[in-house]
Amino acid sequence: MLVDSHCHLVYDGLADRQDEVLASARARGVGGFLNISTRQSEWNDVIAVAEREPDVWASVGVHPHEADAHPDLGAAALVEASKHPRVVAIGECGLDYHYDKSDRGAQRERFAAHIDAARQTGLPLIIHTRDAEADTADMLTHAVGEGGIAAVLHCFTGTAELARTALDLGLTISISGIVTFKNARDLQETAKGIPADRLLVETDSPFLAPVPHRGQVCEPAFVADTAAFLAELRGETVEQLSANTTANFFRLFAKASA
């Protein structure tokens, strides 16, 4: 069994054919899906999928691109939404200085609210970081130092230094289909060294379809392709990697186990 630890089932390309998409993934051995929200207006839709499908769970959060559009979002709204039994995580949240679609100060404020909510609820954070490694590392180091924080760096494409920092802080690292790309040599080297008990796999669908599906709308089924590539890269069997990443998922997102 595999778990797609990060997908967007309410996004264009997947939303209008959810039944087909989920059935296709299940046929390839995917037995769990974490449906991720990126703005407050989609929380209800993301949760509704998890209410319908027993192997789908939900997150509540605001992507850093959306920070400016959520000036009043504090921890309280996240905590309240996370009371739903199918919500197992806070995020995705974090910092993105690559596109700067929101003010960097606003991004840090929203990220801090998510950290606060995670501490209050005991739910793990799902973190997006791009070209913001120093600030991400600083905020996470401070948050972990204060206690009560678990997290995954999703769709990891950062430096080996950020990976070491995350692992030193006790965090988990999730690898997407990007690892299969020809130009992803540095990421492949990093992925080889992630401890077996700190690794997740994901699609980030409908984005970032792995080889051999480049150019297509990415689907949760394709996590099987990423897992197969990653297993070979790490010198493991697919069965080993699947068992480890599934166990890691349910350990990190413990509410899903319940």
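**Pockets, a cavity and some odd loops**

Me: Which strand gives the most to the lining of the largest pocket, and with how many residues?
Reply: That's β5, with four residues in the lining. By the way, you're looking at a predicted model.

Me: How big is that largest pocket, in volume?
Reply: There's about 720 Å³ of space in the largest pocket. Its lining is made of 29 residues, and H63, D96, H128, R130 and D204 are the closest to its centre. Two elements give two or more residues to this lining, namely β4 and β5 (125-130).

Me: What makes a residue of the largest pocket's lining count as nonpolar, polar or charged, and how many are there of each?
Reply: It goes by residue type: Asp, Glu, Lys and Arg count as charged, for instance. Sorted like that, the largest pocket's lining comes to eleven nonpolar, nine polar and nine charged residues.

Me: And the second largest pocket, what volume does it have and what lines it?
Reply: The volume of the second largest pocket is about 170 Å³. Its lining consists of T157, G158, T159, A160, I178, A184, D186, L187, E189 and T190. Helix α7 (residues 185-193) gives the most here, with four residues. By class, this lining has four nonpolar, four polar and two charged residues.

Me: Why is one space called a cavity and another a pocket?
Reply: It's about the way out: a 1.4 Å probe fits in a cavity but cannot get out, so the space is closed off, while a pocket is an open set of points. Counting cavities of 30 Å³ or more gives one. The largest cavity holds about 40 Å³, so it passes that 30 Å³ mark.

Me: Which residues line the largest cavity?
Reply: They are S5, H6, I126, V152, H154, S174, L200, E202 and F253. Split by class, that makes four nonpolar, four polar and one charged.

Me: Let's pick S174 from that list. How do you know whether S174 is buried or exposed?
Reply: Check its relative accessibility, which is 1%. Buried means under 20%, so S174 counts as buried. S174 sits in strand β7 (residues 172-175). Leaving out residues up to four places away in sequence, S174 touches S5, V152, L153, H154, C155, F156, L200, V201 and E202.

Me: What about D100: where is it, and what stands out in its phi?
Reply: D100 is in the loop between β4 (87-96) and α4 (104-121). Its phi is positive, about 50°, even though D100 isn't a glycine.

Me: How do you know which class of exposure D100 belongs to?
Reply: Its relative accessibility is 37%. Partly exposed is what lies between the 20% and 50% cut-offs, so D100 counts as partly exposed.

Me: Which other residue besides D100 has a positive phi without being a glycine?
Reply: L208 does, with phi near 65°. L208 is placed in the loop between β8 and α8. With 31% relative accessibility, L208 also falls between the two cut-offs, so L208 counts as partly exposed.

Me: Which peptide bonds in that β8 to α8 loop are cis, and how do you know?
Reply: Look at omega. From S205 to P206 the bond is cis, with omega near 15°. The bond from V211 to P212 is cis as well, again with omega near 15°. P206 is in the loop between β8 (199-201) and α8 (223-234), and P212 is placed in the loop between β8 and α8 too.

Me: Zooming out, how many helices and strands does the protein have?
Reply: Ten helices and eight strands.

Me: What makes the whole protein count as compact?
Reply: Set the radius of gyration against the globule rule. The radius is 17 Å and the rule gives 18 Å for 258 residues; these are close, so the protein is as compact as a globular protein of that length. Along the principal axes, the C-alpha atoms fill a box of roughly 45 × 40 × 35 Å.

Me: How much of the protein counts as buried, and what about its surface?
Reply: Of the 258 residues, 57% count as buried. The accessible surface is about 10500 Å², with 49% of it belonging to carbon and sulfur atoms.

Me: How do residues far apart in sequence figure in the contacts?
Reply: Take the contacts with a separation of 6 or more: residues 24 or more positions apart account for 73% of them.

How values were computed. Residues are numbered from 1 along each chain as its sequence is written. This is a predicted model: local features need pLDDT of at least 70, side-chain atom pairs count only at pLDDT 80 or more; totals for chains, interfaces and linings use all residues. Side-chain values use heavy atoms; hydrogens and water are left out. Buried means under 20% relative accessible area, exposed over 50%, partly exposed in between (1.4 Å probe, protein chains only). On a 1 Å grid over the protein atoms alone, a cavity is a set of points where a 1.4 Å probe fits but cannot get out, and a pocket is an open set with protein on both sides within 12 Å along at least five of seven lines; lining residues have an atom within 4 Å of a point. Grid points are joined across faces, edges and corners, and a volume is the space filled by probe spheres set on the points. The radius of gyration is taken over C-alpha atoms; the globule rule is 2.2 Å times the number of residues to the power 0.38. Contact means heavy atoms within 4.5 Å. Accessible areas come from the Shrake-Rupley method with a 1.4 Å probe; for residues, only the protein chains shown count as cover.
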